Amino acid sequence: MDGPMKRIFLPLTLGVALVAQAGAALADVITLKPGHPDSYVVKKGDTLWDISAHFLHDPWRWPSLWGNNPQIANPHLIYPGDRLSLVFVDGQPRLVRKPVIRKSPEGRIQTKGDAVPAIDLALIQPYLIQNRVVDADWFEEQPLVLGGETQSRHHIVGQTVYVDGVLPVGQKVGFYSEGREFSRHESGEDLGQEVILTSTGQVTASGDVSSVKLMSSFRETKAGDRMLVLDDTSLLPVYFMPKAAEVTEPAYVLASGIDVREMGKLDVVYVDRGQRDGVTPGDVFAIVRDGDEVVLGHNGVPVPSTDRSTYDRLMSNISDSRTYQLPSNYHGNLMVFKVFDNTSLGLIMVNERSVRVNDRLETPQLPLLGE
């Protein structure tokens, strides 16, 4: 089963200890982009990733750019209106924060709104709250929604639903519907059941059939949904800092967040590795697709796999036809933001080509392929 649901704090709190840890992990030399600016004034709507993209080939390596800088010991304290100037410390590029002060009648630019987050949290907020991957057998044992106070098949905020089980009055609960069942690409190993939060509620009456009033709704709750307990004491802040993922076993894109064939930049995907495999929030993977297998036809012309018929495939296996494996291609990178036991959720941050299910995930090379 996955760990307890985590409370979202906007912006993400990026602690000094994590900065130090990330800085040590990314201590290698970083590469500046040709034509990078000497300074940058932070704008409303910027993210740390966006800002770093002005300076670095690999924006996910922003902890190396300012993580060891005492003037930016806590990057989460960067605000719109701050001027970030590029300097060199011991030969390494660093960003120094300087407030913008104008002598014109406009006066000083005041920082307003929230501090700059690592990424656009609106992109991942629904998945942080709603998506879980759990053991399917365990999920089937959880209390069942039997129906509601109205004859409607679906139930919304303010209505009461009835649950099979004796529940403590006042307990906060969540209702989940079944999603997809996941298995590992190569081995077929069961990775768990996707479940989607439909609503939250609070127990108002206890008995063999308990009553729960719906307090918030993400989609309609219906008979057959399962109930899971929400424990306030375990709702912890979400912490993550980008770092290169350590891939010891083959890893793949497992599924898209919304079940589409192809994904691109800022789309959410499932990864077929999780906490048990050492994956943590902030891990960055390079997305790679294996090259095609090309066979020389009977006339000596190379034939890609997409152009070969069933007969041609059979003949290529039994004949002396020469086969070539083309090199793999870099398609982008993704950053993990939520981890379950056997799977993870990641956001595609760089996309040079479309991403598909079963694309391979590797430790990002420095510089990344294609950049």
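**Exercise 1. Pairing around β8**

In which sense, and over how many bridges, do β8 and strand β12 (residues 226–229) pair?

*Solution.* The model is predicted, so its local features need pLDDT of at least 70 and side-chain atom pairs count only at pLDDT 80 or more, while totals for chains, interfaces and linings use all residues. Residues are numbered from 1 along each chain as its sequence is written, and side-chain values use heavy atoms, with hydrogens and water left out.

Step 1. Strands (E, at least two residues) and helices (H or I, at least four) are DSSP runs, numbered from the N terminus. Two strands pair if DSSP finds at least two bridges between them.

Step 2. The pairing of β8 with β12 is antiparallel and comprises 4 bridges. Within it, Tyr176 faces Arg226 of β12.

Step 3. Strand β8 (residues 172–183) also runs antiparallel to strand β9 (residues 190–205), to which 10 bridges join it. Phe182 has Gly192 in β9 as its bridge partner.

Step 4. The hairpin of β8 and β9 has 6 residues between the strands, and there Gly188 adopts a positive phi near 80°.

**Exercise 2. An open sheet**

State the strand order of the open sheet of 3 strands, and identify its edges.

*Solution.* Step 1. The order is β19-β18-β20, and the pairing is antiparallel.

Step 2. β19 (302–303) and β20 (323–325) each have a single partner strand and therefore stand at the edges, with one side of each left without a neighbour in the sheet.

Step 3. Strand β18 (residues 293–296) is joined to β20 by 3 bridges, in the antiparallel sense. Val294 is opposite Tyr324 of β20 in this arrangement.

Step 4. Continue from β20 into the loop that leads to β21 (329–339), where Ser328 lies. Burial is classed by relative accessible area: buried means under 20%, exposed over 50%, and partly exposed in between (1.4 Å probe, protein chains only). Ser328 counts as partly exposed because its relative accessibility is 37%.

**Exercise 3. Salt bridges between distant parts of the chain**

Which residue forms a salt bridge with Asp277, and which parts of the chain does the pair tie together?

*Solution.* Step 1. A salt bridge requires a side-chain nitrogen of Lys or Arg within 4 Å of a carboxyl oxygen of Asp or Glu. The structure holds 14 salt bridges.

Step 2. The partner of Asp277 is Arg184, with 3.9 Å between the closest N and O atoms. Asp277 belongs to the loop between β16 (268–271) and β17 (283–289), and Arg184 to the loop between β8 and β9, so the contact ties together parts 93 residues apart in sequence.

Step 3. Compare the burial of the two residues. Arg184 is buried at 9% relative accessibility, whereas Asp277 is partly exposed at 30%.

Step 4. Both residues belong to a network of salt bridges that links Arg184, Glu189, Asp272, Arg273 and Asp277.

**Exercise 4. Two further pairs**

Describe the salt bridges of Arg356 and Arg360.

*Solution.* Step 1. Arg356 pairs with Glu262, and their closest N and O atoms are 2.7 Å apart. Distant parts of the chain are linked here, since Arg356 is in strand β23 (residues 355–356) and Glu262 in strand β15 (residues 262–263), 94 residues apart. Arg356 is partly exposed at 30%, as is Glu262 at 36%.

Step 2. Arg360 and Asp290 meet through their side chains at 2.3 Å, N to O. Arg360 is in strand β24 (residues 360–362) and Asp290 in the loop between β17 and β18, 70 residues apart.

Step 3. Arg360 counts as buried at 19% relative accessibility, while Asp290 counts as partly exposed at 47%.

Step 4. Return to Ser328: its C-alpha is 9.6 Å from that of Arg360, and the two are 32 residues apart in sequence.

**Exercise 5. A buried helix residue**

Is Leu128 buried or exposed?

*Solution.* Step 1. Leu128 is located in helix α4 (residues 125–130).

Step 2. Its relative accessibility is 6%, so Leu128 counts as buried.

Step 3. The C-alpha atoms of Leu128 and Val339 are 9.9 Å apart, with their positions 211 residues apart along the chain.
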